[in-house]
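Hi,

Here is the structure I promised to pass on. Have a look at it first, and then read my notes below.

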Amino acid sequence: MNHELDWEQRLTDTLKTVARRQDIKSYVELTPWLNRLLRRAAGQYVAGENRQDGLAATRRLADMGYKISLEYIGENTLDAKMCQAAVEEMKSLIRELGEIGDRVSFDLSHIGLSVKKDLAYRQLMKLADEARTANVELFVSMEESAKTDLILDTYQKAVAHYPNIGITLQAHLHRTPMDLAVLSDSPRLIRIVKGAYQEPATHALSRSSELDERYLTLVQDAIHRGHRVSIATHDERIINEAIHLGLLDSGSAEFEMLYGIRPELSAKLQSAGYPVRIYVTYGREWFLYLCHRIAEYPPNLYRAVADMASDEAVEPYRAYIRAPKE
Ligand code: FDA
């Protein structure tokens, strides 16, 4: 048995479980020293806690020539008033984006899906209206498979009125090729990701060459069906293969990567002339986000520990201008 892999898998499983534990999240929020320490580690992946932090990182990256998606982080909000507060924050974000960004992303469970399906739909319609006025695209993220039907139904109903709404599809789910076919009555905005949530084998593939193949087939299929596609991955082999297959030549695909992850790869692709979008996040709900980023790549734990021990401010955006190594 490969013990190193075994430990990595255990760390991944543990962090994904920890991320879901409300009691642990509350403890982190209410324990100042722990909160301060973990916030430093989160600084690698999250631009800050406030809208101004998100907008400042967006401005710096836009000045370097990247396109941006912005997310005010949050999910599984159970209180209708908090959902309303999140919608107000997103509306302000849409209004203040101006020239520096054209896309806002979010989880439907942040704006009402976990309270009532109809609430998420109504809030999505309000946001889409605000976004249309500001010439901004909205992107709906994809959550656990238990919510996939609800998310797709809500999206389908709303996009019929507002074509400025995009949807994220998870390549790891067995159902996704079918979902893509069903969505395809007219050109849409589609983001394809591998999938961040732990799912049973009956529902999803785990990380494997089979998943990578399915990922590329989905991207090809989506482009072929006339959609505008975000190839949202940090997997260099998939990125190289997408370039090799000419998937970027159509002009309807772009690469999209999370803020703070593989910035040297984003810089390399950008200087080679490919369209690259950076997904910037901000907000106070960074704990779950941090757990996901370490879980999907356990060596990030070393970086997190070093950041916690350091007094220096973390400024990951600096790495985006590093000269690419040949
Ligand atoms: P994979 O996890 O297979 O890793 C391949 C390689 O990429 C690794 O070997 C490493 O080199 C690098 N890498 C990957 N993750 C890294 C990390 N955290 N740190 C450093 N290097 C890393 N998921 C979801 O379920 N719903 C959603 O709505 C979204 N939305 C979304 C938007 C965008 C723009 C992106 C880029 C990703 C998402 N995701 C998501 C997350 C996605 O499902 C997936 O978990 C991560 O992108 C990691 O998978 P990769 O495709 O990068 O490859």
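Let's start with a cysteine: Cys291 counts as buried, because its relative accessibility is 4% and the cut-off for buried is under 20%. Cys83 is buried too, at 0% relative accessibility. If you go looking for disulfides, a search of the whole structure finds 0 of them. Keep in mind as you read on that this is a predicted model.

Now for the domains. The domain assignment splits the chain into domain 1, made of residues 1–46 + 283–316, and domain 2, which covers 72–282. Their C-alpha centres lie 23 Å apart. On the domain 1 side 15 residues take part in the contact, and on the domain 2 side 16 residues do.

How much area do domain 1 and domain 2 bury between them? It comes to about 1500 Å², with 54% of that on carbon and sulfur atoms. In case you wonder about the unit, the size of an interface is often given as the accessible area lost when the parts come together. Three residues of domain 1 are worth finding on your screen: Arg20, Gly283 and Tyr289 supply 30% of the area that domain 1 buries against domain 2, more than any other three residues.

Tyr289 turns up again in another role, since Arg293 lies over its face, 4.5 Å from the ring centre. There is also a lysine to look at: the charged end of Lys157 sits over the ring of Tyr121, at 4.1 Å from the centre.

On to the rings that pair with each other. The count is 2 aromatic pairs. In one of them, the rings of Tyr72 and Tyr282 have centres 5.4 Å apart and planes at 35°, so this pair is tilted. It links distant parts of the chain, with Tyr72 in strand β1 (residues 67–72) and Tyr282 in strand β8 (residues 276–282), 210 residues apart. Tyr72 is partly exposed, with a relative accessible area of 22%, whereas Tyr282 is buried at 0%.

The other pair is Phe255 with Tyr274, and it is edge-to-face: 6.3 Å from centre to centre, with 75° between the planes. Phe255 belongs to strand β7 (residues 253–258) and Tyr274 to the loop between α11 (263–271) and β8, so the pair ties together parts that are 19 residues apart in sequence. Is Phe255 buried or exposed? Phe255 is buried, at 0% relative accessibility, while Tyr274 is partly exposed, at 25%.

Cheers

Key: Residues are numbered from 1 along each chain as its sequence is written. This is a predicted model: local features need pLDDT of at least 70, side-chain atom pairs count only at pLDDT 80 or more; totals for chains, interfaces and linings use all residues. Side-chain values use heavy atoms; hydrogens and water are left out. Rings of Phe, Tyr and Trp (its six-membered ring) pair if their centres lie within 6.5 Å; planes under 30 degrees apart count as stacked, over 60 as edge-to-face and the rest as tilted. Helices (H or I, at least four residues) and strands (E, at least two) are DSSP runs, numbered from the N terminus. Buried means under 20% relative accessible area, exposed over 50%, partly exposed in between (1.4 Å probe, protein chains only). A charge sits over a ring if NZ of Lys or CZ of Arg is within 6 Å of the ring centre and within 35 degrees of the ring normal. A disulfide is a pair of cysteine sulfur atoms within 2.5 Å. Domain bounds come from an automatic or database domain assignment. Contact means heavy atoms within 4.5 Å. Buried area is the accessible area (1.4 Å probe) that two parts lose on being put together, summed over both.
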